[in-house]
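Got your viewer open? Load the model below, switch to a cartoon view, and we'll go round it stop by stop.

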Amino acid sequence: MLHFGKFSDISFLQRNSSAKYDLYLIKKVDEDYINNTAQGEIVYLEDGFKKQDRNTDYPDHSDFSDLIFKFKEEQIFGFGDFTIISKEVPDGGGSPFAIALHLSKIEYPNFRIYHFISDDNEDRRNQANKFLQALNKLITFIDNNLIFEGEGIKDFRNRLADGHYPGLGICKKMSIKNHIEQVNNSISVL
């Protein structure tokens, strides 16, 4: 059962739920609510990505969720997140003034998202060049920092090698793939 907020009739849930898993968006519920509604294994969900209105507003890095480090000690079954997408999807669209690439990196006891922004941010032209500017920064960071290199990072390296701008959707896909791989790799180590 998904709990993306508090259901007003807790007694109804207690009587009728036979969920194997209760998934809670933890910023929308409290411990009392969880204790009174959980019928199955507890899974915490958190929107840990700090979405910015403009790509140029991203800092060098931002902290993500710390659930990966504490779900076992809190004796919950598991955790989930919204990767680098965020639950809050902004309106709009079209070509951005700046391209931002996001790289998830787990540095115990921190889970950080590094943001690499193109230098050419004055207009919407030449998206491919903006991508390569941000990608060069991302690959330089990877080359100078210890990080698990899975298929997501391999995809970034391949795009730098061939100089091909695959479009913003594929850029997000590469970041999401890396995010999932970083989490999976860290869980096996923690």
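Start by selecting α6, residues 168-189: this helix lies across β6 and β7, running at about 0 degrees to β6. A note on names: helices (H or I, at least four residues) and strands (E, at least two) are DSSP runs, numbered from the N terminus. Axes are lines fitted to C-alpha atoms, for helices over the stretch in contact, and angles run from 0 to 180 degrees between N-to-C directions. Contact here means heavy atoms within 4.5 Å.

Before moving on, keep in mind that this is a predicted model, in which local features need pLDDT of at least 70 and side-chain atom pairs count only at pLDDT 80 or more, while totals for chains, interfaces and linings use all residues. Residues are numbered from 1 along each chain as its sequence is written, and side-chain values use heavy atoms, with hydrogens and water left out.

**Stop 1: the two strands under the helix**

Now add helix α4, residues 127-144. It also lies across β6 and β7, at about 15 degrees to β6.

Next, colour β6 (100-107) and β7 (110-117). These strands run antiparallel, joined by eight bridges; two strands count as paired if DSSP finds at least two bridges between them. To see one bridge, pick A100, whose partner in β7 is I117. The two strands form a hairpin with two residues between them. Zoom in on that loop to find P109, joined to Y108 by a cis peptide bond with omega about 10 degrees.

How many residues of β6 are buried? Eight of its eight, where buried means under 20% relative accessible area, exposed over 50%, and partly exposed in between (1.4 Å probe, protein chains only). Show the side chains and you'll find A100, H102, S104 and I106 on one side, with L101, L103, K105 and E107 on the other.

Add β4 to complete an open, antiparallel sheet in the order β4-β7-β6. β4 (61-63) and β6 stand at its edges with a single partner strand each, so one side of each has no neighbour in the sheet. On average, neighbouring strands here are turned by 25 degrees against each other, direction ignored.

**Stop 2: the parallel sheet**

Swing over to the other sheet. Four strands make up this open one, in the order β1-β2-β3-β5, and the pairing is parallel. At the edges you'll see β1 (2-3) and β5, each with a single partner strand, so one side of each is left free of a neighbour in the sheet.

Walk across it strand by strand:

- β1 and β2 are paired over two bridges; select H3 to see it opposite Y24 in β2.
- β2 (residues 21-25) and β3 are joined by five bridges, and D22 stands opposite I42 in β3.
- β3 and β5 (residues 78-81) share four bridges; Y44 has F79 in β5 as its bridge partner.

Stay on β3 for a moment: five of its six residues are buried, so it is largely enclosed by the rest of the structure. Trace the chain from β2 through α2 to β3 and you follow a right-handed β-α-β crossover (with the strands pointing away from you, the path from the first strand over the helix to the second runs clockwise).

**Stop 3: the cores**

Select I68 and F111 as sticks. They have the most contacts inside the largest nonpolar core, which has 23 residues. Such a core is a set of buried Ala, Val, Leu, Ile, Met, Phe, Trp, Tyr and Cys residues joined through side-chain atoms within 4.5 Å. α2, β3, α3, β6 and β7 each supply at least two of its residues. Another core lies apart from it, with 17 residues, including F131, A134, F141 and F156.

**Stop 4: a helix pair and two loops**

Bring back α6 and add α5 (residues 151-162): the two pack at about 145 degrees, with axes 7 Å apart. On the α5 side, the contact includes I153, F156 and R159; on the α6 side, look for M174, N178 and E181, among others.

Finish with two residues other than glycine that have a positive phi. Q75, with phi about 55 degrees, lies in the loop between α3 and β5 and counts as exposed at 73% relative accessibility. N126, with phi near 55 degrees, sits in the loop between β7 and α4 and is partly exposed at 47%.
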